[in-house]
Every structure is written in C-alpha cells, then in structure tokens.
Amino acid sequence: MAREIYQAIADGILVGGVYALMAVGLTLIFGVLDIINIAQGILVVLGAYLSYQLSASLHLDLFLGLLITVPAMFVIGVVIHWAFIRRLRGRERTSMTLLVSYAVALIIEGILYQVYGPDVRQLNAWYVTSSVHVAGFYLPYIYLFGFALAVVLVAVLYLLLYRTGFGRSVRATMQDQVAARLIGIEVNRVAAITFGIGVAVTAVGGMVYGATNAFNPNSGYDLISRLLAIVILGGLGSIGGALVAAVFMLTLESLVDIWSPDWATVVFYAALVLVLVIRPSGFLGRPQGRTA
Amino acid sequence: MTTAGRTLTAVKLAGLVLAAAAAIAFPWVFSNPVDTNYGVYALIFVTVASAWNVFSGFSGYISLGHAVFFGSGAYTLGIVARDWHVTGNGVFALLPLCAVTGAVIAVPFGLVSLRVRRHTFIVITIAVFFIFQLMAYNFSFTGGSIGVSAPFLAWSPSTYNDPFYYIALGCAAGMIALAWAIRRSRFGLRLRAIRDDEDRARGLGVHPMRVKLAAFTLSGAVTGVAGGVWFFYLTQVQPPSGFDPLFDLSVVLMAFLGGLGSIAGPVLGALLIEPGQLYLTARVTNGYLSEILLGSLFLVVVLFMPRGIVPTSADWLRKARS
Amino acid sequence: MNAHGGLLGHPVKLDILNDSSDPTQVDTNYQTLIGADHVNLTFGPFSSLLTAPASSVAARYGYAFVEGAGGAPSVFDTPSNQAVHNVFDVSLPIKDEMVPFVNWIASMPASQRPKTAAYPMADDPFADPPVQLAQSELQALGVKTVYSKIFPEEVADYKAPADQVAASGAQIVVLGSTDVPTVAAFMQAFEQQHYLPKMFIAAAGPDQGAGFISAVGKGNADGMMVPDGWYPGYDNASSQALVREYVAKYGGSPSSMSSDVAEAYSVGQVMAQAVTATGGTDNAKIIAYLHSGVTLTSVQGPVKFDSLGENGVSDAFVFQWQDGGTQFNQVLPVSAAGSVAITAVKPAWAS
C-alpha cells in the first residue's frame, strides 16, 4: 500500500509538471488580459502537432524543435490577438472573448483535422520510453525534463514580470488598464505581446503533452476544462500558482486513483469547488479589489 | 403614448400574433417528420437559450454549467419512468418533476458559486458540470456508461414528432412569456443593476445573492424541463450526451448571436443555429469543414455584430427612421 | 453512419451522413435518411453512444437495423428493440469475445497457469462486459485478481491507472479498451515502468491494423493480443475477394486493413441476402426473415440471429501480432482452422 502511495505521489508531481506547462500560458492570458482563452486546449494540441511535424520532416530532436515552435507560436498568438481579440470591448467583453476563443479553437481544430486527419499520433524519442531508476521507482525521463522545464519557465516568467520594464507594464495593465494608459503604457502592444508570450509558452506544453500522450485534433476538449480549473485554483495571473495548483490537483487525483479511477476525476473538480468556496481567489491569487 | 409609439406597439403585437400562428401551424404545413424534427430541437433550444439568458444575460454571470440542469432533467424523467413503470403519455406528466430537480440542484449550486467573481464563477460552473457528468458515469442508478432509455412509444412514425413539437412549443412560449415578465418587473431591474455594477446595487438596497439565486433557480428549473422533453424525444440519455461539454457553448452562442439580455435575441439565435447546424451536418458530409465554417461564423458574429442581431437591427432601424 | 467500400453487385447507392458523434445529430440523420431521402435500408453506427437513439428511430419506422459492431447487451436491451426486435448485430456478441483466451488458459495444467491478472477497464458498455466475464472465469481457474478498476473513458491521462497496474506486477493484463490511444498509453506507461506482462490482451485497439502500428511501433506491438472476428488472412473465399478488392482500391497491404472493414462489409452482405431472399426491401419481411433462424454467410463467417438479434453462431477468435509486429495472425482457439502457434510470452518492449 505504501508503495502505491509513493508511486501515486511521484506520478502526481510529474504529471502536474506537464499540466503546469500547459496552464502557465493560460493564466498569463487570463490574469493579465481578462481573456478566457478556451482555445488553450487546442493550442496545446497545435504545439504537439508542430513538434510532430518538425520531428517527422526534419528529424529534429523534440527539445531542439522548440527553438522553432516557440517563436512560431508566439507569432500565431500575436496574430490571433491582433485579428480578433483586440477589437473586443464593452460590457459583454468577457463573454465575447469566450466565444471568440471558442471560434478560433474550432477553426484550428478543423484545420488540423484537414491536414492530419483523425489518426492518433505520439511524439517519440529515447527519453520518452526510458526511465531513471530511483529508490525502487521508475521515473520516466520525459516527465523529469518536463517538470524541470516547468520550473525553469515559471522562473523565467517571474523574472520577466518582476524584473523588467516590460513586466512592469504588464502588471500595471493587469491592475488597471485606464490608469496604465494614462501613464503612457501602450496597452494594446503590451496586450498583444503578452498574448503572444502566453501562446509561445504553450508550445512547450504542447511538446511535452504530445510526448506523454497519444493525441489527435479532438484531444483539446479534455484538456481545457482541467487547465481552467488549475488556473483558477492557482490564482488568476499567478504563474507560480499555476505550478502549485497543477501539482496539487494531479497528486490528489493520483492518490484517489489508487482507490477508484472513476472517482479520481470527480475529486479533481470537487477539490476546485471546495477550495474556491473557502478561498475564492485561489491558492496564490491576490484578493483583487477589482469589480466582479 | 405618441401616435408613433402606439403604431410601433401595434406593429409589434401584430408581429407576435403572426409568429405565434406560424409556430402553431408549422407541423400542419410542414408535416414531414424530417421538418418537424428540426422544429422540435429548435424549440427545445429556444427554451434553453431563453432560460439561460434570463440568468446569464440579465445578470452578467456567464454560466457554462447549464448542461447540469439539462442532463439532470433528462435523467430525472428517465429514472422516474423506469422505476415507477410509467409508459406512454403518462411520461409527459412527469415533466414538472424535471423542473423540481432543476430547482433543487440550482439552490446549492448557486449558493456555492454565486459568491465569487464572474471569471471564477464561469470556471466553477464548468467544474460542477464535470462533477455531474462523472457522477452520471459512476452511480448505478443512472445506469453508468449505458445510461437510461425512455419507454417505447408505439406511435405512427408520420405523426410521431408532433406531440413533442407542441410540448416543446408550450415550454418555449412559456419561457419567453416569463422572460418578458421578468424584464419588465422590479426583479428584472434588480438583475440588471447587478450586471451593471454589483457593489453599487448592493448599496442601493438590492440583495445580490437572493436575486441572483432566484434567477439561477428559475433558469435551472426550466432548463431541466427542456432536458426532460429532449430525453423523451431522443429516447436515450447517457453521461456524455446528457452532460455535453459543447451544450453550454452552443447556448452561449445562440443567446449571443441574437443579443444577450434581450428577449427575442436568444429565440432568434436558437432558431437559426440549432436547425442550421443539424441540417448542415446532415447535408455537408465533411465534418471538419463544417467545424471551420462554424468557427468562422462565430467570429463574424462577434466581430461585426457584437451586441447580437436583435439589438443591432433595432439600432439600424432607429437610425434609418431618424 | 460510416460504411466502408466493398459494394454489392447491384446498383446500390450508399447514403452516408456525418454525425459528429452527437446523438441529436444521429436522430436527425436517421429521420432524414428515412423520411426525406427515403432510403430502403438502414445500417448502424459504430458507437455505443449513438446506437440506441439510432435504432429507436429505425424501430419507429419499422426498419431493420443491422450493425457490424455495437453488440453490447445494452443495445439489445432498449425498449424499442424489445418492442420491435429490429436490431441485428452480425458480429460476435461482445461479452463472449475473451472466451477463447480464457479457454486457452484453462487448457494449461494448473501449475503452469499464470498466477495473477490485472483488469483495467474503460467506462464503456462495449469494453467492460468481455473483461468482466474473463475476470470471473479466470478467477474460477485460480488466477488471482490483483487489479480490477474502471477508469473514465475520457480521461486526459492514463498514467496513474497504468502505473498502478505495473506496480501490481500482474502476469496477465486484460485491458478493457475501446480505441488505440488507450492501449498505446498503457503500453507506454508499462515500458516506462520496466514492466512486461507475460500476456497482454486488449478488447480493442490492436485490431486497427496500420492505425495501431503507427501509434505504438512494430516492435512493441509484437505479442499483443486482441479478440477479433476477422483478419486479412482468413481462409474464406468471399473474405479473400474483399481483401483483394480493398487493397486494389485503397492501396496498402492486407495487414493494414482494420476489422471495421470486414464488419461493415458483412453488414452489407447480410442485408443483400435478406433483400434477395424476400424479393425486395420491405423491412417487415426483412426483419421476419432475419429472425427466421436462417443461416447467412459473410466474410466473418456464418451469421444466424437469435430472438434478441445477436449472432449466435459466430465464432470468437483471438489474434496476435507476431514476427516482430509484421504479422497479424489468428492464434485462438488453438484447434480452429487457420490458427497458428501462439506466442505464449510477450516479447520485451522494443524502442
């Protein structure tokens, strides 16, 4: 029994790292720009497909391929923001971002289906199937790398947000758009770049996701609800919170899995509801004075 | 009222009467079950979209969890019919139970979720939705992954759809009337005050939680009934169909397309989208292309008619007249 | 409704509609097919979610509803089928799928039988019945159940249940899967955990030919077993003809054909025989004919429907990928015509 529990905790932490990678972009976009990006799920899948394409045509190592997919997704993100999101304003903005991102998700999914069909793919590399043997447990390399990447990414984004001028502009925009504009911040440019960063980061999540799961264009739906839950739990806009929440939720789910996999997913969502009732701003979220 | 105002009201009234007559006459004129089938689904979704709008459109709290009520209504009808051995027309008499289920679920659901900010509210509704879907899989009284089947109706196929059509029509008409009444009432005013500025509304003496909860409960009850009708018509409910992740997104689109917060908006949106989607998918066999098309349609709507068809058209009309 | 190629000899037009896996859409489609397009015959879809509403529309109109897959007990159990008896499944009733595997274990002397087994199952009416039956029978044979859990079908991550199975160290794994991704995920997790079951049989997935190999790789596929009613090398004249026509039309090799092709084709064959025998497309006559106890032929073998609509004379076979994952061979029942020697122990993971 103890062995199962340790295994479950190890699994939870490692898989949590993967989910953190996928969720970080979402919390950035959600927290900073007030945009409920329903397309995050399909963007992860898009990242996976881009990595797949690079690996299939150019035989590039998956991590090396990130040097291409990350900038590519950044551009895609900026384009999406510029073309569709930028124009949204007014009272109905929240629901509009919801619909726009859902629309974009549908279009991306349709395109992926056209190009790749419904067949299931998986990214492969030596580190996907081999594991390191530690204390009687096997920890697959890909998960370890993924977790390390998640930590690095969180650190990098923190530095960006708190140690750079750009980061200051982002935080100002997050707190009060009007005031930010008043002190000379080009809110639209900040918004576009932040959105781009959010999507670029998702390229990394996509690659690790694609290496640890078989995916096809339909895989986005299962992901998005979990990612939304993680992001809210961690606190909107809190990058570190996303990592903590992801690890927490996945570990909890993993532990319940020992007893019943069917109920594990329920626990995932029930935990979210419970925590939010007690602490509506999530783990590391700031109780914002913003109007609801 | 001015003469112009009186004429406008008369025109609106005439339009309403015409629409009602057309709706009632529809199955006689288009008697092929294929056509009435579109009518049934369209009216079910008119009901749902209106119900959703009365809560989310009026209060500004976007719910992505209304499938909870829809599916619960469906399961209620199925489980009660199964366990109490109700068959034939008697099953329709069970529909009020679906409303009760919807209301009973809405109260704790609302109490828990309406305390948080709007963004968080959206995600809580998604979480509760998944909890319900998973419970439907896990409990044995819901039939697990097999779900619940409706009693077989040995009716003639050529008129099979008609009773469903009229019941759905009744639900839709009732909900529309309800929405209209709420909009004109103090209750509706309070809801809109909450949407505009909740803190200020609270300062003016409005009890936000009570108002929101009341709207949520009403919305949930009616959505439950719609779910019951849907279940009996389709004859089957399973966890992924009763609690469908795309359900709420479709409803949001319908309400939005027509115009959030208006009465006619969700009706129009549902009448356009539900039969449209069914028809297109039945006729255009490349499913992937239809996804791209649907997504593009959303984008066009949001970008060019951000307030929805009904308010935008009203604006155009007003501009044209001045 | 998705029917593959392999058309009958007559000028038959196949009306194929996309259903986006949505029951509301399926209901509309079948009403459209019957009410607007006035099709004469209806075939069933390939999904547990869609079969019941579709069959009930067909029942309403008195249409026969013949399907190639979807033989879960729950499908025959619907009120509409109980009233009208219009559902027919040409393939093996799914709960009997694992029987040849169980029989093979039973045929071993008790001392040589594997001692432990794990039964992970997806929450699906098609995946669970055969695995649950296998579990109760194997238990009776003395094989200890060390893991038996149902996991959600739409789970985003299979790692947790798969790691639990690996931790159990079971010698046999009977996986209740419905598709390739599930099997692939379990196989990958097993490999990461350096866990190799002696025998690994999945309810579905390895029968998808090229679709399976492209997801897991030939080396890993080696030794994987799956129940199947058909395989490309099946020694049956009409089956061989189908294989030739299919490869000629769609390219690829025979081993890339999935069993869905044969199932769909069998549906067409059965219908054709019913139409010919009753002299037309009167559905009431067709239903009566199919229930009359007549034995029909198909690329999957003989077809004879019982009162429920199940094919009572179909044989269960178990297939296995062999020869480094290049051959998909029939291995069980050991004595059946066409069976080759089974690879009793799964070869190591190869990546």
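**Notebook: strands, helices and contacts**

I began with strand 12 of chain C, where Asn329(C) is the bridge partner of Gln320(C). I note at the outset that this is a predicted model.

**Entry 1: the hairpin of chain C**

I then looked up the pairing around that bridge. Strand 11 (residues 317-322) and strand 12 (residues 327-332) of chain C run antiparallel and are joined by 5 bridges. I next examined the turn of this hairpin, which has 4 residues between the strands. There I found that Asp323(C) takes a positive phi near 55°.

**Entry 2: the three-stranded sheet**

I turned to a second group of strands in chain C. Strands 1, 2 and 3 of chain C form an open sheet with the order 1-2-3, and the pairing is parallel. Which strands lie at the edges of this sheet? I recorded strand 1 (42-43) and strand 3 (87-89) of chain C, each of which pairs on one side only. Between strand 1 and strand 2 (residues 65-67) of chain C I found 2 bridges, and these two strands run parallel. Across this pair, Thr42(C) stands opposite Phe65(C) of strand 2 of chain C. As background, I wrote down that strands of a sheet pair through backbone hydrogen bonds, either parallel or antiparallel.

**Entry 3: two packed helices**

I looked up how helix 7 (residues 159-168) of chain C packs with helix 8 (residues 180-192) of chain C. Their axes are 9 Å apart and meet at an angle of about 50°. Why do I call helix 7 and helix 8 of chain C oblique to each other? Their angle is about 50°, and angles outside the roughly parallel, roughly antiparallel and roughly perpendicular ranges count as oblique; helix 7 and helix 8 of chain C are therefore oblique. The crossing of helix 7 of chain C past helix 8 of chain C is right-handed. On the side of helix 7 of chain C, the contact is made by Lys159(C), Ala162(C), Asp163(C) and Ala166(C). Helix 8 of chain C contributes Ala185(C), Phe186(C), Ala189(C) and Phe190(C). I sorted the residues of this contact by class and obtained 6 nonpolar, 2 charged and no polar.

**Entry 4: the domains of chain C**

I consulted the domain assignment of chain C, which gives domain 1 (23-89 + 259-303) and domain 2 (95-226 + 316-332). The centres of these two domains of chain C, taken over C-alpha atoms, are separated by 30 Å. How many residues of domain 1 of chain C are in contact with domain 2 of chain C? I found 5 residues of domain 1, in contact with 6 residues of domain 2 of chain C. The side of domain 1 of chain C that touches domain 2 has 2 nonpolar and 3 polar residues, with no charged ones.

**Entry 5: chain B and its neighbours**

I looked first at the contact of chain C with chain B, which takes 29 residues from chain C and 28 residues from chain B. Helix 1 (23-36), helix 2 (48-60) and helix 4 (79-84) of chain C each give two or more residues to the side that touches chain B. The largest share, 10 residues, comes from helix 1 of chain C. By class, I recorded 12 nonpolar, 13 polar and 4 charged residues on this side of chain C.

I then looked up the contact of chain A with chain B, which takes 40 residues from chain A and 41 residues from chain B. On the side of chain A, helix 4 (93-116), helix 10 (220-234) and helix 12 (261-278) each give two or more residues. Helix 4 of chain A gives the most, with 16 residues. The side of chain A that touches chain B divides into 28 nonpolar, 8 polar and 4 charged residues.

Definitions and conventions. Residues are numbered from 1 along each chain as its sequence is written. Chains are lettered from A and ligands numbered from 1 in the order in which they are written. This is a predicted model: local features need pLDDT of at least 70, side-chain atom pairs count only at pLDDT 80 or more; totals for chains, interfaces and linings use all residues. Axes are lines fitted to C-alpha atoms, for helices over the stretch in contact, and angles run from 0 to 180 degrees between N-to-C directions. Angles under 35 degrees count as roughly parallel, over 145 as roughly antiparallel, 65 to 115 as roughly perpendicular and the rest as oblique. A crossing is left-handed if the near helix is turned anticlockwise from the far one by less than a right angle, and right-handed if clockwise. Two residues are in contact if their C-beta atoms, placed from the backbone, lie within 7 Å. Ala, Val, Leu, Ile, Met, Phe, Trp, Tyr, Cys and Pro count as nonpolar, Asp, Glu, Lys and Arg as charged, and the others, Gly among them, as polar. Domain bounds come from an automatic or database domain assignment. Two strands pair if DSSP finds at least two bridges between them.
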